[in-house]
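Please open the structure in your viewer and keep the sequence panel beside it, since each stop on this tour asks you to select a few residues and look at what surrounds them.

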Amino acid sequence: MLRAQRPRNPLNFFPLKFLCFPVIQTKPFSTISSLFNLCKKPHHLQQIHARFILHGLHQNQTLSSKLIDSYANLGLLNLSQKLFDSIANPSLLLYNTNIRSLVNSGEYKGALLVYREMVMQGMYPDEETYPFVLRACSGLLDTEFGKRVHGCLVKLGFDSFGVIGDALVELYWGCGEFENEYQVFDKKSVKDSNHWDMSIFGSFQSGHAEGSFPGFGEKRMENFEPNAGTIISLLRSSVDLGSLDTGRALHCVVLVSNLGQDLSVNTALLSMYSKLGSLGYASLLFEKMPEKDCVMWNIMISACSQHRKPKESLERLRCMAIYGVRADLFTAIPAISSIRQLKFIVWGKEIHAHVMRNALDSQVSVHNSLIDMYCECDCLNYAQKIFDSITEKTGVSWSSMIKGYVTHGRNLDALSIFSEMKLEGIGIDFVTVINILPAYVNLGALEQVKHLHGYSIKFGLNSLSSVNSAFLISYAKCGCIEMARKLFDEEEIDGKDVITWNSMISAYAKHGDWSQCFELYNQMKQSNLKLDQVTFLALLTACVNSGLVKEGREFFKEMQEMYGFKPSQEHYACMVDLFGRAGHINEARELVNDMPIKPDARVWGPLLSACKMHSETKLAEFAAEQLVTMEPENAGNYVLLANIYAATGKWDKFAKMRRVLRERGLKKTPGLSWLEIDGCVYEFRVADRSHPKANAIYALLGILESEIMEDQDFHAKEVS
């Protein structure tokens, strides 16, 4: 009855065209069938189909099956279905062909409908039917229907076929049914390495790396010998789990299984050790390898670069050239990154020339790495030239250029690039948002920060904790501490990482609200979150800004004794600043003298300020001399030292400092302030009269100054 409703005239679906094929009254099946394989265009296949119908072969099951396949292979699934519907009594062959074509085209629901119709017609599926039916269930993640199909094939005895067992394993791991997967696997009559490979690879691909290992030890006890594919999948899973011990155990299996000479296995082992940060084991393995191809060299060069060992990375690159292995773009990227870490521009230019000479810059990723490298080496002009030469810029290209300008204080150039990026229609991702925010903050453009925040909310970028932290910091630096706290409170307590907590504590520290800092610190400890050195730096900053010497000492001690952190230059600088502002100059001097690391400009600067404040001219002179030695290009240090010499009457040394400034052409950077009014940022320098309303501004400043003086005189009289 189901077939009676189908259209009987297939000519309604396939127009007749006889331009290329003359009429012949007889034609063997094999000749027509072979023509299907030669058809690469739909209209040719339709012309053959027309001849096929004229010769009365439209009900031939074998030829119809091949024609269904041909239509499906050309992407004409609707025509293949119409052809199937035109067959009066489809055979098992036709049903299998139709189900196969539907599954291969991703039409899983249609495939299951045809399977149901097949069963309703009283036709028994065979071992060629079930693999594709199970694949359809897997594609739809329909475990329940898959289990019913599993029951049917068990009753029919098809579960012993290897291809069906593989399809069942694929179904269950794809749907997360690992217990059923291993039950299927254990019942297989043929338990070879291919079945293990599918199970292990399936667990890895589905994101359940831990599912790769159950049963493996048991099978090893049964003298099961894994092949290279099994080991490689297990090594990838050990990387996903972050388990170096598991990786080392698999290395032992490789050795006892005589797979140590397999190039692909050695590559996987090297990659595992490198990604898990065990460069020692990676180096030992690499040195003992009898054969080293470009991929292996790239892994070692990249591993050294990623783990902050740039010199070792470049040494590997040199050895690679000595051994005659030709570098590729995957060699160039980590090598450029290593030079970026070293900030050695001479080597940077050399690797750039090598990249161009060997045509390794075909990928935009190489250009992006070069932009990063030149920006880090303070060669923004070179970075801009490379950026301008890229014909197809990616979001990374734009973001790298923006970051370079922001890092070097060229905020207006960064905003110009950002505006150009938006005009080009490039999508703004979370990295670009994080990179451009400091430019707005440095210019005091609060309204622009708000606009960018709105954009981030609209496109869902604020769901990332890193983006929220960036906006939190930006609002705090722009003076909107309430908005910063709102962002902090809106984030789920479990979603707050240590960076978010540190950002909020630092914001309150810079605003002088030490009570909120300490309260957040106590909440942070109660949340069982692991504190880091940045947390204590924020707390010490709060103590400095609030003059809390006792609390600062306690935090400095707690950081070392309770948490085992070694103070950095920033921590010592905070303590020196704290002691210095409170007038504890001797304690500050002793702290500097007892430092286990050599103090840098960050430490000497606060000490110099404290000495000037409390008229400790001798120590101030020593601190200033240290600063001049460490920062010979900083004109401000020479000015400070000259003023100290003048205060102590050392006019010859004062004249010498002034002479050095003139001879070296050094000028102190003038003070600069920004003010945003109605979304427009105004810039002011010392004694600046460039503003069109400068006269009115200075008149108002004069009035304010007079009122302040009057107020001071009034309070002085009250005291007396």
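The stops below go from the whole chain to the cores, then to charged pairs, and end at a cavity and a single helix.

**The whole chain**

Before selecting anything, bear in mind that this is a predicted model. Colour the protein by secondary structure, and you should find 39 helices and two strands. Of its 720 residues, 44% count as buried, and the accessible surface comes to about 38,100 Å², of which 54% belongs to carbon and sulfur atoms. If you display contacts between residues with a separation of 6 or more, 60% of them join residues that are 24 or more positions apart.

**The largest nonpolar core**

Which residues touch the most other members of the largest nonpolar core? Select L270, I436, F471 and M504, which have that place among the 144 residues of this core. In soluble globular proteins, nonpolar side chains tend to be buried together.

Now centre the view on F471 and show its surroundings: apart from neighbours within four places in sequence, F471 is in contact with V433, L437, V449, L452, H453, S456 and L487. A second core, separate from this one, has 31 residues, and you can locate it by selecting I99, M118, C137 and V149, which are among its members.

Return to the region around F471 and select S474, which is found in helix α27, residues 465-477. S474 is buried, with a relative accessible area of 4%, and, not counting residues up to four places away in sequence, S474 touches L437, V441 and V449. Two of these names, L437 and V449, also appear among the contacts of F471.

Next, select F286 in helix α16, which covers residues 279-288. Is F286 buried or exposed? With a relative accessible area of 1%, F286 is buried. Leaving aside neighbours within four places in sequence, F286 is in contact with L270, K292, M296, W297, M300 and R316, so that the view from here leads back to L270, one of the core residues selected earlier. For a distance to draw on screen, take the C-alpha atoms of F286 and T267, which are separated by 9.2 Å although the two residues are 19 apart along the chain.

**Charged pairs**

A search of the whole structure finds 13 salt bridges. Side chains of opposite charge can pair when their charged atoms come close.

Begin with R410 and D413, whose side chains meet in a salt bridge with an N to O distance of 2.8 Å. Both ends are partly exposed, R410 with a relative accessible area of 32% and D413 at 31%.

Then select R602 and E570, which form a salt bridge whose closest N and O atoms are 2.5 Å apart. This pair links distant parts of the chain, since R602 lies in helix α35 (residues 601-613) and E570 in helix α33 (residues 569-581), 32 residues apart. R602 is partly exposed at 40% relative accessible area, and E570 counts as partly exposed at 30%. Add D600 to the selection, and you will have a network of salt bridges that links E570, D600 and R602.

Stay with helix α33 and select R581 and D577, which are four residues apart in that helix and therefore separated by about one helical turn. Their side chains meet in a salt bridge, at 3.1 Å from N to O. Here R581 is partly exposed, with a relative accessible area of 45%, whereas D577 is buried, at 19%.

**A cavity and a last helix**

The structure holds two cavities of 30 Å³ or more, and the second largest has about 30 Å³ of space. To find this second largest cavity, select its lining, made up of E683, F684, D688, S690, H691, A694, I697 and Y698. Strand β2 (680-685) and helix α39 (694-719) each supply at least two of the lining residues, and the largest share, three residues, comes from α39.

Finally, select L661 in helix α38, residues 651-664. L661 counts as buried, at 9% relative accessibility, and its C-alpha atom is separated by 9.9 Å from that of G636, a residue 25 places away along the chain.

Methods:
Residues are numbered from 1 along each chain as its sequence is written. This is a predicted model: local features need pLDDT of at least 70, side-chain atom pairs count only at pLDDT 80 or more; totals for chains, interfaces and linings use all residues. Side-chain values use heavy atoms; hydrogens and water are left out. A nonpolar core is a set of buried Ala, Val, Leu, Ile, Met, Phe, Trp, Tyr and Cys residues joined through side-chain atoms within 4.5 Å. Buried means under 20% relative accessible area, exposed over 50%, partly exposed in between (1.4 Å probe, protein chains only). Contact means heavy atoms within 4.5 Å. A salt bridge is a side-chain nitrogen of Lys or Arg within 4 Å of a carboxyl oxygen of Asp or Glu. Accessible areas come from the Shrake-Rupley method with a 1.4 Å probe; for residues, only the protein chains shown count as cover. On a 1 Å grid over the protein atoms alone, a cavity is a set of points where a 1.4 Å probe fits but cannot get out, and a pocket is an open set with protein on both sides within 12 Å along at least five of seven lines; lining residues have an atom within 4 Å of a point. Grid points are joined across faces, edges and corners, and a volume is the space filled by probe spheres set on the points.
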